[in-house]
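Work through the exercises below with the sequence and the coordinates open. Each task is followed by a solution in steps.

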Amino acid sequence: MSGRRAAYRWLLSGSVQGVGFRWYAARRANELGLKGWVRNLPDGRVEAVAAGDEPSLARFDQILRVGPRSARVTDVEKTEVPPEAVDAITFEIR
């Protein structure tokens, strides 16, 4: 791992539920060595929280903004969170 450790929370809007978004995000996050989670929210958005090194998080940010082929991301809210707040061992679907 290289770079500063950090963590972020993303709120993704658009056609992001029922299109395999969570599975796609989890697979890609695990490939990047990130820990955290992704879940559907009752309001139709998807929430993702990930911790890791900055280069991997930057790549994950790009991946989330596009999503899987069947998704259409129309808005992304990204906020930094304390890395110690991410209580996952790997990256999981919640």
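**Exercise 1. Charged pairs**

Which side chain meets that of glutamate 92 in a salt bridge, and at what N to O distance?

Solution. The model is predicted, so local features need pLDDT of at least 70 and side-chain atom pairs count only at pLDDT 80 or more, while totals for chains, interfaces and linings use all residues. Residues are numbered from 1 along each chain as its sequence is written, and side-chain values use heavy atoms, with hydrogens and water left out.

Step 1. Apply the criterion: a side-chain nitrogen of Lys or Arg within 4 Å of a carboxyl oxygen of Asp or Glu. The partner of glutamate 92 is arginine 94, at 2.9 Å, N to O.

Step 2. Check arginine 94 for another acid. Its side chain also meets that of aspartate 87 in a salt bridge (3.0 Å, N to O).

Step 3. Classify the accessibility, where buried means under 20% relative accessible area, exposed over 50%, and partly exposed in between (1.4 Å probe, protein chains only). Glutamate 92 is partly exposed at 30%, arginine 94 is partly exposed at 39%, and aspartate 87 is exposed at 56%.

Step 4. Place these pairs in the total: the structure holds nine salt bridges. Arg9, Arg39 and Glu47 are linked in a network of them.

**Exercise 2. A pair across the chain**

Find the salt bridge made by aspartate 61, and say which elements it links.

Solution. Step 1. The side chain of aspartate 61 meets that of lysine 78 at 3.8 Å, N to O.

Step 2. Aspartate 61 lies in helix α2 (residues 54-66) and lysine 78 in strand β4, 17 residues apart, which links distant parts of the chain. Helices (H or I, at least four residues) and strands (E, at least two) are DSSP runs, numbered from the N terminus.

Step 3. Aspartate 61 is buried at 10% relative accessible area, whereas lysine 78 is partly exposed at 37%.

**Exercise 3. The sheet**

What is the strand order, and which strands stand at the edges?

Solution. Step 1. Two strands pair if DSSP finds at least two bridges between them. The result is an open sheet of five strands, ordered β4-β1-β3-β2-β5, with mixed pairing.

Step 2. β4 (72-80) and β5 (91-93) are the edge strands; each has a single partner strand, so one side of each lacks a neighbour in the sheet. From one strand to the next, the twist averages 20 degrees.

Step 3. List the bridges of β3. Strand β1 (residues 5-15) pairs with β3 (residues 46-53) in the antiparallel sense over eight bridges; arginine 9 has valine 49 as its bridge partner, and tryptophan 10 stands opposite alanine 48. β2 and β3 also run antiparallel, joined by six bridges, with asparagine 40 partnered by valine 46.

Step 4. Inspect the turn. β2 and β3 form a hairpin with five residues between them, and glycine 44 there has a positive phi of about 95 degrees.

Step 5. Check burial in β3: eight of its eight residues are buried.

**Exercise 4. The helix on the sheet**

Which residues of α1 are buried, and what do they pack against?

Solution. Step 1. The buried residues are Phe21, Tyr24, Ala25, Ala26 and Ala29.

Step 2. With contact taken as heavy atoms within 4.5 Å, these buried residues pack against β1, β2, β3, α2, β4 and β5.

Step 3. Just after α1, glycine 33 takes a positive phi of about 75 degrees.

Conventions: Axes fitted to C-alpha atoms, helices over the stretch in contact; angles between N-to-C directions.
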